[in-house]
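Here is a short report on one chain of a model. Its surface comes before its fold.

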Amino acid sequence: MRTVVAGITLVVLAVALLYAAVSIPFGNPAMSDMDDYFITNGQEQTGANNIVTSIVFDYRGFDTLGEACVLFTAVFGVSVLFRLRKKEEDYEYE
Amino acid sequence: MSDSMSKIIRTTADVMFMFIVVFGFYIVLHGHLTPGGGFQGGAVIATGFILLIVAHKLDDFLGWFKKKAFQNFEMSGLVLFIGTALAAIPLGYLFFRNFLCGTGGLFGQVVPYGINPGFLNTAGTIPIMNIAVGIEVLGGLSIIILYMTSGISNHEEGE
């Protein structure tokens, strides 16, 4: 019974998602001014062949800065969470 | 996690580690020419370290690479990234300005625009930021796995 329900749910979800994916027009963005600007001037202004890198590290540098800070915060959180504690050490609450 | 795997896996991991690290640094250094960049290359290098952690004993791994080293990688990467962005301000440009592009010096070779085979010494501050982010991601992802593995082995010893 559970297998049948799971199968029906899977099929319905797959059909719904595939229908949504197919119905989206691909390759015709409504606003393409920014894309055209990057593609036309990106190599000339940054000297990088890879337009994606020139956007990520030059035009949208703040985004990458935030991403680096997010990674730093994640490492900080993990290091606090997985801190090795001595056997006898106990937390003191005041 | 406190036991090491068989000799075959350990030898294969030792050999593959070098190739993975070299490939990761290739992705980082060619970030402005080919698909990839700092994040992707750093993740590939961290995969090499994680392979060593999985294949060997944790104590052996900590004998080769200290936790402090990965923490220093993480911090120095972030400082280098922000420092490169801030270095544009004393030179009279705005924050995050690509001030090395096209000056003829370090990473400043003037490229022939259009289709070209790709020159490594181009793109101004972008390769420097790629290297910085690559170092940061390599340290960050490695230290995350290292802390989690230390927690698992400590838990197993405590039981």
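Chain B exposes about 8100 Å², and carbon and sulfur atoms supply 70% of that area. Areas come from the Shrake-Rupley method with a 1.4 Å probe; for residues, only the protein chains shown count as cover. Of the 159 residues in chain B, 41% are buried (under 20% relative accessible area, 1.4 Å probe, protein chains only).

This is a predicted model: local features need pLDDT of at least 70, side-chain atom pairs count only at pLDDT 80 or more, and totals for chains, interfaces and linings use all residues. Residues are numbered from 1 along each chain as its sequence is written, chains are lettered from A and ligands numbered from 1 in the order written, and side-chain values use heavy atoms, without hydrogens and water.

Chain B has five helices and zero strands (DSSP runs: H or I, at least four residues; E, at least two). The radius of gyration, over C-alpha atoms, is 19 Å, well over the 15 Å from the globule rule for 159 residues, so chain B is more spread out than a compact globule. That rule is 2.2 Å times the number of residues to the power 0.38. The C-alpha atoms fill a box of roughly 60 × 35 × 20 Å along the principal axes.

An unreviewed UniProt entry lists residues 12–33, 39–56, 77–96 and 126–147 of chain B as "transmembrane region". Such annotations may be inferred rather than shown by experiment. Two of these spans are tabulated below.

| Span, chain B | Helix | Strand | End C-alpha distance |
|---|---|---|---|
| Residues 39–56 | 94% | 0% | 26 Å |
| Residues 126–147 | 100% | 0% | 31 Å |

Technical notes: Buried < 20%, exposed > 50% of the residue type's maximum accessible area, 1.4 Å probe, protein only.
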